[in-house]
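Me: Please take a close look at one helix of this model, with its ends and its surroundings, and then set a second helix beside it. I would like a connected account rather than a list.

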Amino acid sequence: MTITVKAYIRHDDLALVPTLRQSEDVSIEVLMQANTDPDSNVFPFLIRHDDRHELESCLESDPTVEDYELVDEGDGIHTYYIKHTPDTELLSPIVMTANGFMLHAETKSDGWLVKLQLPDREALNTVWKYTEENNIYFDITEVYSNSGGESNVSYGLTDEQTEALKVAFKCGYFSEPREMTLSEVADEVGVSSTAMSGRLRRGMRNLISAALMDDDEIESR
């Protein structure tokens with residue numbers, strides 16, 4: 001069953017992040033296209049900025065931009081085809097390799113808000129491991145299956161985080177007084193205390209972020 005994932009990603013070398021940091025007035029959206037080539041480094045972007053010359057000055061100095069071509073403009077909205085440099089960090093190749101595709105991507109602060117459609121949780125784990133290995137901040141805010149059932153919402157938790165929280169809860173780790181220590185809960189799952197601590201911490205952060213916070217509160221934390 002396919003799943004939809006909403007996440008916030010951030011890295012110094014992500015596409016057009018240097019342009020975002022140069023100008024507070026710019027906002028960028030990827031224009032979706034039927035591109036199934038994971039090796040492609042050319043994408044269409046809709047960029048909102050009142051001063052085209054200032055914008056293109058930012059693009060000229062952006063180390064993630066190898067070349068750009070203006071294809072349309074009007075009233076502070078510009079459409080460009082942008083070719084990225086080889087060192088640019090892109091999420092789309094690993095998403096396509098996992099047989100998924102990007103439904104939406106727009107800039108937020110100095111990163112990107114993305115909405116992905118993936119074939120299953122295994123594909124999500126593939127994307128998540130890629131971001132972890134490449135030091136890309138990947139904050140999942142929502143995950144849900146496409147069956148339409150509310151019960152399928154998983155609140156941005158990975159499978160490992162879900163297991164850790166459930167086992168800790170069942171073992172009385174969250175009880176007052178605590179009925180089992182962290183190391184004992186870790187033994188139940190078969191991981192180290194350090195790994196269990198990380199899963200619980202990240203799991204609770206993602207759970208609070210997805211269930212209780214809105215986008216502005218998430219960005220300001």
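Reply: Helix α4 covers residues 121-133, and because a helix rises 1.5 Å a residue, its 13 residues should span 18 Å, which agrees with the 18 Å between its end C-alpha atoms; the coordinates are those of a predicted model. At the N-terminal end of α4, Asp 120 acts as the cap, with a side-chain oxygen 3.2 Å from the backbone nitrogen of Glu 122, while just after the helix Asn 135 takes a positive phi of about 55°. Between these ends, the buried residues of α4 are Ala 123, Leu 124, Asn 125, Val 127, Trp 128 and Thr 131, and their packing partners are β1 (3-10), α3 (92-97), β7 (111-118), β8 (137-145) and α5.

That last partner, α5, can be examined in the same way. For the 12 residues of α5 (residues 159-170), the expected span at 1.5 Å a residue is 16 Å, and the end C-alpha atoms lie 17 Å apart, which agrees. Gln 161, Ala 164, Leu 165, Val 167 and Ala 168 are buried in α5, and because they cover an arc of only 170° around the axis, they fall on the same side of the helix. In general, an α-helix has 3.6 residues a turn, so residues three or four places apart point the same way. The other side of α5 carries Lys 166, Phe 169 and Lys 170, which are exposed. Just after α5, Gly 172 takes a positive phi of about 80°, and Cys 171 counts as buried because its relative accessibility is 17%.

Key
Residues numbered from 1 in each chain as written. Predicted model: local features only at pLDDT ≥ 70, side-chain atom pairs only at ≥ 80, totals over all residues. Heavy atoms only, no water. Buried < 20%, exposed > 50% of the residue type's maximum accessible area, 1.4 Å probe, protein only. Helix = DSSP H or I, 4+ residues; strand = E, 2+ residues; numbered from the N terminus. Expected span 1.5 Å × (residues − 1). Arc of directions from axis to C-beta. Contact = heavy atoms within 4.5 Å. Polar contact = N/O pair within 3.5 Å; in protein donor to acceptor, adjacent residues only side chain to side chain.
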